[in-house]
2 protein chains.
Amino acid sequence: MTEVSAVLERLRRTTDTIVGETDLAERLASSRPLRIKYGVDCTAPDLHLGHAVNLWMMRHLQDLGHKVVFLLGDLTTRIGDPTGRSETRPVLTPEEIETNAGSFLEQVSLVLRTEPEVFEVRRNSEWYDAMDVATLLGLFSQVTHAQLMARDMFRERVAAGREIALHELTYPVLQGYDSFAINSDLTIVGSDQLFNEQLGRHFQQRLGAAPQVVITSTITPGIDGGPKQSKSRNNYIGLTDTPRDKFGKVMSLPDSLVQTYAHVYTELPLDVVAGLGEAATQGGPPAREAKLRLASAIVTRYHGANIAKAERETFIQLFSEASQPTDLPEVIVEDATVLELLLVARPGDSRSELRRLISQGAVSLDGRKLSDPNEPITLTGPMTLRSGRRTWHRLVPRA
Amino acid sequence: MTEVSAVLERLRRTTDTIVGETDLAERLASSRPLRIKYGVDCTAPDLHLGHAVNLWMMRHLQDLGHKVVFLLGDLTTRIGDPTGRSETRPVLTPEEIETNAGSFLEQVSLVLRTEPEVFEVRRNSEWYDAMDVATLLGLFSQVTHAQLMARDMFRERVAAGREIALHELTYPVLQGYDSFAINSDLTIVGSDQLFNEQLGRHFQQRLGAAPQVVITSTITPGIDGGPKQSKSRNNYIGLTDTPRDKFGKVMSLPDSLVQTYAHVYTELPLDVVAGLGEAATQGGPPAREAKLRLASAIVTRYHGANIAKAERETFIQLFSEASQPTDLPEVIVEDATVLELLLVARPGDSRSELRRLISQGAVSLDGRKLSDPNEPITLTGPMTLRSGRRTWHRLVPRA
């Protein structure tokens, strides 16, 4: 195995906090393959680059001979919330759970290796189906109400007057005990899971095992600059997105995110990352070039260099000003404000959608970016209106 | 069976609230024997007259053909609190649990009938040992955190900064589900159990059964006038107290409690109860006569009229002024305060114990009650000091 410090260094690139760093160094230094807990619930997955940060760290450890234990939380998904009040856990049928599990495995295998030497699939029903009520209550007795209510999610729900069903309150305990059950050495999670995984350490210690190391990973903003990638905001780059979509979404990033994305989502050397960040701050062609480089690196990571090269070429051809189509749809207009012109050219869109396009800097007239929806425009002859990346109109003044 | 209204009337004598009174009337009117849940935990029992209020109501219903289901909460007692932090549930070994269960049954049978037609012993381990974790979590999903935290006991503990272990938070759910498991029609409990038994109704309804009726019984002050009888205050009349102790403890009651005790702890007609209350307010011989009547009624209830009669005679003989022993122990004293005299006469007692005796009005000198511990006493010749009901000294002034 590689030298420990090199491994730690590489993990640190995308690490927020490490609980038990000394333990981690010791365990990496031993020749024993570590067991890395990767716990998921069994709702329909749609993994994005944010999730993949953890997966790539695990993949790196797999390449060094360590084993990922892919743990499906099927027991808890099976409970769901029969009252339908829960916001976090829908009820799923056993068939849905199996379908989701298969889909999860498929997406995960886009990053992780799945040979049995370095990958193991487990379900928490294995131990919970065999556990009796007295034993479970015995686990509960090791945790206090106050400890559980310290969890952000619970506090926020109480503060917002939303309900927490009792079984939901027990889930962190179950998730914590899972760490003991699979003999976890290490788990790499989002910071929202830190609390539950700390409970894992608590149970392991209580039950006489060595506590797992917990790494929380860096959280990166969504492609719209929002706090993080999420399905509900549709601001994410999905692992199952086509290479073209991945490439296009990277190109749509705000300039300010280029360096962060390059740091977290690629393995480009850090000096290159710094250079891309520098270029992005300049805007214009250097920023565009930096994004092309970033998009290529990301697509390369998931689909290989050849596909990345082809997508880069396609992109340049499709979306460069130079490649503006020649037979543009013609729209007859009178002098009007920017917003009014857009309303005529794109009758299917609402005012608020068009305002958003403008505010995103996606509207230009003969190459000049229009940022004020109320700016009056006087047409002295035909002009080219671009709105969004792929839409052009030829504006012709009414005779 | 007796007419329903008569049954309800009799129950009402010692009832605080009835949840589901219409249901109770309907069920009593049907010819079906009702199942009456009497749930207890398996800690060491020491039942007192306060507990017996519920037992006598159940006994009355047994006499009408209904069945008491004596439910031992052995599962939950088995869990206890391994961390030793809980104030409510000590850890017990299986042997201790069995011993306590036997002792409970013995004490309960001082009031309840135990023929199988009207008495059934169950343990909640019967269903919880067979229940799987998923089913238990399913029960938990039917209750919210907010519902549970509404319970006084939990709120008070949180407010006082004391911990609640998670398993304790789940106990009301278990106790509630018990009602479904034993098909309870009715339960008669102290008001502190109302919350848990309401959860019983909740589960019965959720699971498609008719909800149990819940009767909470009147709580009566301790024999010292404190808020209720309790072991820790040693202010209770135990079911296993000897007839003599029961008689004596009733005689020691504050006059103001005579009517309440007669109402709740006897079946004396209500006009007689009112008469006793009236007599008690007069103090002196009428109050004493009222207490003798009350003590006789209570001892009769538990030990029969003959024993009650004998205890009454013994008491009168022992504790009347007329029967003051003639050969009193002599104590040589000098002039001193009341407290100092007592310290000489009763060297085994502490100052605070003696002060309490004085404040209880239990100290007299030649028949005059002494209420001020600092009152200076001048002895002009031998005098009789009485302290407590049974202790006399002959005080002789030092020559």
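These exercises work through a predicted model, each with a stepwise solution.

## Exercise 1. Chain A in outline

Task: describe the make-up and extent of chain A, then its burial and the sequence range of its contacts.

Solution.
1. Start with secondary structure. Chain A contains 18 helices and 13 strands.
2. Take the extent along the principal axes. The C-alpha atoms of chain A occupy a box of roughly 85 × 50 × 35 Å.
3. Turn to burial. Chain A has 399 residues, and 51% of them count as buried.
4. Finish with contacts. Consider pairs in chain A at least 6 apart in sequence: 70% of these contacts join residues at least 24 apart.

## Exercise 2. Two residues of helix α3 in chain A

Task: place N54(A) and H60(A), decide whether each is buried or exposed, and list what each touches. Leave out residues up to four places away in sequence.

Solution.
1. Locate N54(A). It sits in helix α3 of chain A, residues 49-63.
2. Classify N54(A). Its relative accessible area is 10%. Buried means under 20%, so N54(A) is buried.
3. List the partners of N54(A). They are I188(A), V189(A), G190(A) and S217(A).
4. Locate H60(A). Helix α3 of chain A holds this residue too.
5. Classify H60(A). With 10% relative accessibility, H60(A) is buried.
6. List the partners of H60(A). They are V7(A), R10(A) and L11(A).

## Exercise 3. How α3(A) packs on α15(A)

Task: give the geometry of this helix pair, name its orientation class and handedness, and identify the contact residues.

Solution.
1. Choose the descriptors. Two packed helices are described by an angle and a distance between their axes.
2. Read the values. α3(A) meets helix α15 of chain A, residues 284-303, at about 60°, and the axes are 14 Å apart.
3. Assign the class. Roughly perpendicular begins at 65 degrees and roughly parallel ends under 35. The pair α3(A) and α15(A) is therefore oblique.
4. Add the hand. α3(A) and α15(A) cross in a left-handed sense.
5. Name the contact. α3(A) contributes L49(A), A52(A) and W56(A), while α15(A) contributes I298(A), R301(A) and Y302(A).

## Exercise 4. How α7(A) packs on α10(A)

Task: repeat the analysis for α7(A) and α10(A), without the handedness.

Solution.
1. Read the values. Helix α7 (residues 133-140) and helix α10 (residues 166-181) of chain A pack at about 100°, their axes 10 Å apart.
2. Assign the class. The range for roughly perpendicular is 65 to 115 degrees, so α7(A) is roughly perpendicular to α10(A).
3. Name the contact. L136(A), L139(A) and F140(A) come from α7(A); T170(A), V173(A), L174(A) and Y177(A) come from α10(A).

## Exercise 5. Salt bridges in chain B

Task: analyse the pairs R32(B)–D185(B) and R398(B)–E334(B).

Solution.
1. Recall the principle. Side chains of opposite charge can pair when their charged atoms come close.
2. Take the R32(B)–D185(B) pair. Their side chains form a salt bridge at 2.9 Å, N to O.
3. Place its ends. R32(B) is in the loop between α2 (21-29) and β2 (35-40) of chain B, and D185(B) is in the loop between α10 (166-181) and β5 (186-189). The two are 153 residues apart, so this pair links distant parts of the chain.
4. Check exposure. R32(B) is partly exposed at 37%, whereas D185(B) is buried at 8%.
5. Take the R398(B)–E334(B) pair. The closest N and O atoms of this salt bridge are 3.2 Å apart.
6. Place its ends. R398(B) lies in the segment after β13 (392-397) of chain B, and E334(B) lies in the loop between β7 (330-333) and β8 (336-337). They are 64 residues apart.
7. Check exposure. R398(B) and E334(B) are both exposed.

## Exercise 6. A salt-bridge network in chain A

Task: start from E126(A) and find the network that contains it.

Solution.
1. Find a partner. E126(A) forms a salt bridge with R122(A) at 2.9 Å, N to O.
2. Extend through shared partners. One network joins R35(A), K67(A), E120(A), R122(A) and E126(A).
3. Check exposure. E126(A) is partly exposed, at 39% relative accessibility.
4. Set the scene. Over all chains, the structure has 50 salt bridges.

Conventions
Residues are numbered from 1 along each chain as its sequence is written. Chains are lettered from A and ligands numbered from 1 in the order in which they are written. This is a predicted model: local features need pLDDT of at least 70, side-chain atom pairs count only at pLDDT 80 or more; totals for chains, interfaces and linings use all residues. Side-chain values use heavy atoms; hydrogens and water are left out. Helices (H or I, at least four residues) and strands (E, at least two) are DSSP runs, numbered from the N terminus. Buried means under 20% relative accessible area, exposed over 50%, partly exposed in between (1.4 Å probe, protein chains only). Contact means heavy atoms within 4.5 Å. A salt bridge is a side-chain nitrogen of Lys or Arg within 4 Å of a carboxyl oxygen of Asp or Glu. Axes are lines fitted to C-alpha atoms, for helices over the stretch in contact, and angles run from 0 to 180 degrees between N-to-C directions. Angles under 35 degrees count as roughly parallel, over 145 as roughly antiparallel, 65 to 115 as roughly perpendicular and the rest as oblique. A crossing is left-handed if the near helix is turned anticlockwise from the far one by less than a right angle, and right-handed if clockwise.
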